[in-house]
Structure formats: structure tokens, C-alpha cells
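Biologist: I am new to this structure and would love a close look at a single part, the surroundings of the ligand. Could you walk me through that part and then show me how it connects to the rest?

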Amino acid sequence: DDFSGTGVWRYADALPLEEGVTTQEGDTPLYRVPRLETDIGVEALRIKHEGMNPTGSFKDRGMTVGVAVARELGVDRLACASTGNTSAALAAYGSRGGMETLVLLPAGKVAAGKIAQASLHGARILEVDGNFDRCLDIVQELAARGEVYLLNSLNPFRLEGQKTIGLEILEGFRDDYGTWPDRIVLPVGNAGNTSALYKAFRELVQAGELAPEEVPKLTGVQAEGAAPMVEAVENGADEVRRWESVETKATAIRIGNPVNAPKALPGIRETGGTAIAVSDEEITTAQRDLAEEGIGVEPASAASVAGLRKLREQGVVSSDERVACLTTGHLLKDPDAAAAAGRDPEPVPADTDGVLEVLHE
Ligand code: F0G
């Protein structure tokens with residue numbers, strides 16, 4: 001394709017295909033945030049901003065691989081359940097690959113930007129009177145009955161593409177600090193990224209490129225109202241209990257049944273990581289903190305920074321750690337949340353003196 005060898009496809013050796021259905025995803029910024037670094041109190045803090053992907057979230061890294069596999073298989077209808085971002089990415093990549101796309105969304109619980117994307121990229125959108133987990137149950141059944149090809153993170157080819165987040169973070173830290181990060185903090189919904197990063201690091205260890213003790217501590221963050229993974233980690237449980245009722249303003253991670261938990265829980269444990277829940281208020285504060293550094297993220301993304309701050313305050317994270325926080329989606333995904341967290345516009349008269357009067361108030 002036109003972008004082979006760039007972005008995600010720079011890592012083709014670690015992927016199941018040589019090239020994908022691509023719009024040049026990956027190669028996202030690893031921002032310095034000096035004020036936030038000092039404020040939170042760690043040796044180094046970098047923000048891996050996945051909102052800078054073509055459709056504004058990390059999902060593009062998975063879709064460039066997953067949709068290409070679907071094309072190889074010759075399927076004609078692609079589908080997903082989604083809290084929004086997966087549907088936007090599936091719609092865009094499915095269209096680019098020339099395939100039909102179907103998305104099941106929880107009615108009233110998907111941010112405006114994401115629905116707009118899925119709609120314009122031509123997905124058929126079904127609004128389900130139920131939460132995300134129910135949507136995923138249904139779309140899994142549709143796939144089992146041969147109606148659709150499933151492109152949620154249960155699809156292993158998606159997670160192959162998402163491994164490249166971990167590879168880019170490691171390379172970025174090595175280039176800047178001459179060493180790997182001690183910890184990677186990430187928001188958790190279905191725990192796809194947690195699983196994908198763990199797989200990427202295991203493969204590097206197997207290849208002899210990373211010592212086992214050098215694997216970054218995978219640290220998951222959930223919203224208090226949707227925290228089944230945190231519950232399992234805190235209880236030392238081997239299985240995650242499905243939460244039937246979930247609520248958070250971070251709608252992207254409003255998920256009660258993290259389907260990749262069997263792959264993600266060992267990742268958190270084996271790397272010496274942990275999991276923590278944060279309130280919606282803590283998420284909004286972190287969203288503002290990032291915005292003050294010029295980085296615009298959607299609420300779910302800010303959960304990583306909120307979680308790091310809390311773990312640092314609790315002494316779980318120490319001051320000598322070098323940390324990467326993953327921010328998973330762009331601010332414009334959820335314009336309503338951004339406007340609510342930001343400052344209100346002030347009405348002024350349409351003349352300079354009137355404007356000056358307000359400015360000097
Ligand atoms: N952050 C954002 C912005 C997301 O959209 C998602 C998942 C996550 C974090 C959680 O990632 O599942 O790998 O733990 N969004 C899915 C969707 C569920 O449908 O867009 P995970």
C-alpha cells in the first residue's frame with residue numbers, strides 16, 4: 001500500500017501481514033510534560049498520545065491489521081460493538097478496504113464525535129437499548145452465526161497491531177533516556193491494550209531484546225463506576241466478575257465485562273504492575289492538567305494520568321520512576337465533555353470599547 005514501511009507497518013516483522021489497509025496510523029507523539037512531571041513527582045513522565053492517529057484513537061493500529069486480514073479472508077461484512085472509537089475506526093478502515101460495516105452502539109452513551117465519524121464513513125449504525133457489554137454479546141452471536149466478521153478486540157489480529165504502541169514507547173524512551181520506562185499506565189476497558197502490550201513485551205523477551213526484569217510494569221486504570229479489573233486485581237482473583245451495571249462520564253471505558261481479562265490479568269501480575277480506580281472528578285482534573293500542557297484528550301484517556309497521580313500519592317509509584325502514560329483518544333471525540341471541563345465563553349457587545357470593558361472588569 002501507499003504507506004508500507006511507515007507507522008505501524010514499520011513493525012511488519014512483528015505482524016501477521018506485510019502490509020495493511022492503511023491511512024498512515026501509528027508513529028504517534030511521546031510528549032514531554034515538564035510541569036505535570038514535577039507536579040506528580042516522578043523522575044520522568046511522557047505522554048504517548050494515541051489521539052494523534054488518523055481517526056483520533058489507538059483503534060486505528062488494530063484496524064489496519066484486522067481489516068486487512070478480513071480482506072484476505074474475503075469476508076464482506078465487518079462488525080463491532082463499540083463505546084464509539086472502535087466504530088469510528090472500523091467505519092473508516094472498512095470503507096478504505098471496500099467493505100460493508102455494521103456497528104452496534106449503546107443508545108445515548110456514545111460521544112458525539114465518534115458517532116459522526118462512524119456515520120460519515122458509511123457504517124450502518126444500530127443503537128441498542130442496552131450497555132456496551134450487551135452490544136458485544138449480540139455481535140459475538142452474529143459472528144458465530146456467520147452473519148458478520150468480528151472486529152472487536154476479541155479478534156487477535158487487532159491486538160497484533162496494537163502491540164506497536166508498546167514497541168514505540170520502548171523505542172522513544174531508549175532514544176531519549178538510554179533506558180526503558182519503569183512503568184506504563186493505561187486506561188482499561190476491555191483490556192485489549194493491556195493484553196497487546198504484554199504480548200509485545202513477551203515477544204521481545206523471547207527474542208532476547210529485553211531482559212525479563214526490564215519489562216515495564218503494566219498499570220491499568222478504570223473509572224470507579226466501571227472497575228471490574230481493579231476489583232479482580234485487588235482481590236487477587238483469577239477471574240473478573242462481570243459488572244451488570246456501570247456508569248462513568250468516561251463513556252469509552254463504560255464497560256463491565258473486560259473480555260480480554262484472561263490475557264490482561266497475568267500481564268498486570270507478571271510485570272509487577274497494578275490497577276486502580278479513579279473518580280469522574282479525578283478524570284476531569286487530569287483532562288485539564290493535560291490540556292494545560294497543550295495536550296487535548298477525551299475523558300477515558302485522562303484516566304491514565306489521574307491513576308498515576310493517585311498511585312504516586314499512595315506511594316505505590318515512587319519518585320525515581322520513569323513513566324509513560326497512554327492517552328487513548330483525542331479531545332474532539334467528546335466535545336461535550338471538553339466544553340463542560342473547560343471555561344465558558346463570555347458574551348460581549350459587538351464593539352471594541354464593550355470588549356475592553358469586559359476585559360478590564
Ligand atoms: N480509551 C479509549 C479512548 C477507548 O475508546 C477504549 C476502548 C479504551 C480506552 C479501553 O481500551 O479496551 O483496550 O482496554 N474503547 C472500545 C470502543 C471499547 O468500542 O471504542 P481497552
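**Around the ligand**

Modeller: Happy to! Of the 21 residues around the ligand, those that come nearest are Ser82, Gly189, Gly192, Thr328 and Gly329. Three helices each give two or more residues to this shell: H3 (85-96), H7 (192-206) and H11 (299-313). Please keep in mind that this is a predicted model. Sorted by class, the shell holds 14 polar, 6 nonpolar and 1 charged residues. Domain 1 (7-56 + 156-341) and domain 2 (59-150) both contribute residues to the shell, so the ligand lies between them.

Let us follow one of those helices outwards. There is an open sheet of 6 strands, in the order S1-S2-S10-S7-S8-S9 and with mixed pairing. Its edges are strand S1 (30-32) and strand S9 (275-278), each of which pairs on one side only. On average, neighbouring strands of this sheet are turned by 25 degrees against each other, direction ignored. Helix H11 packs on the sheet, where it touches strand S7 (183-187), strand S8 (217-223), S9 and strand S10 (322-327). The direction of H11 makes about 135 degrees with that of S7. Over at the S1 edge, S1 pairs with strand S2 (residues 44-49) in the antiparallel sense over 3 bridges. There, Arg32 stands opposite Arg46 in S2.

One last stop is Gly66, which lies in helix H2 (residues 59-73). Gly66 counts as buried because it has 32 C-beta neighbours inside 10 Å. Beyond its neighbours within four places in sequence, Gly66 is in contact with Leu151, Asn155, Phe157, Arg158 and Gly161. Gly66 and Pro156 are 90 residues apart in sequence, yet their C-alpha atoms are 8.2 Å apart in space.

Conventions
Residues numbered from 1 in each chain as written. Predicted model: local features only at pLDDT ≥ 70, side-chain atom pairs only at ≥ 80, totals over all residues. Helix = DSSP H or I, 4+ residues; strand = E, 2+ residues; numbered from the N terminus. Buried ≥ 20, exposed ≤ 12 C-beta atoms within 10 Å, placed from the backbone. Contact = placed C-beta atoms within 7 Å. Near = placed C-beta within 6 Å. Nonpolar A, V, L, I, M, F, W, Y, C, P; charged D, E, K, R; others polar. Domains from an automatic or database assignment. Pairing = 2+ DSSP bridges. Axes fitted to C-alpha atoms, helices over the stretch in contact; angles between N-to-C directions.
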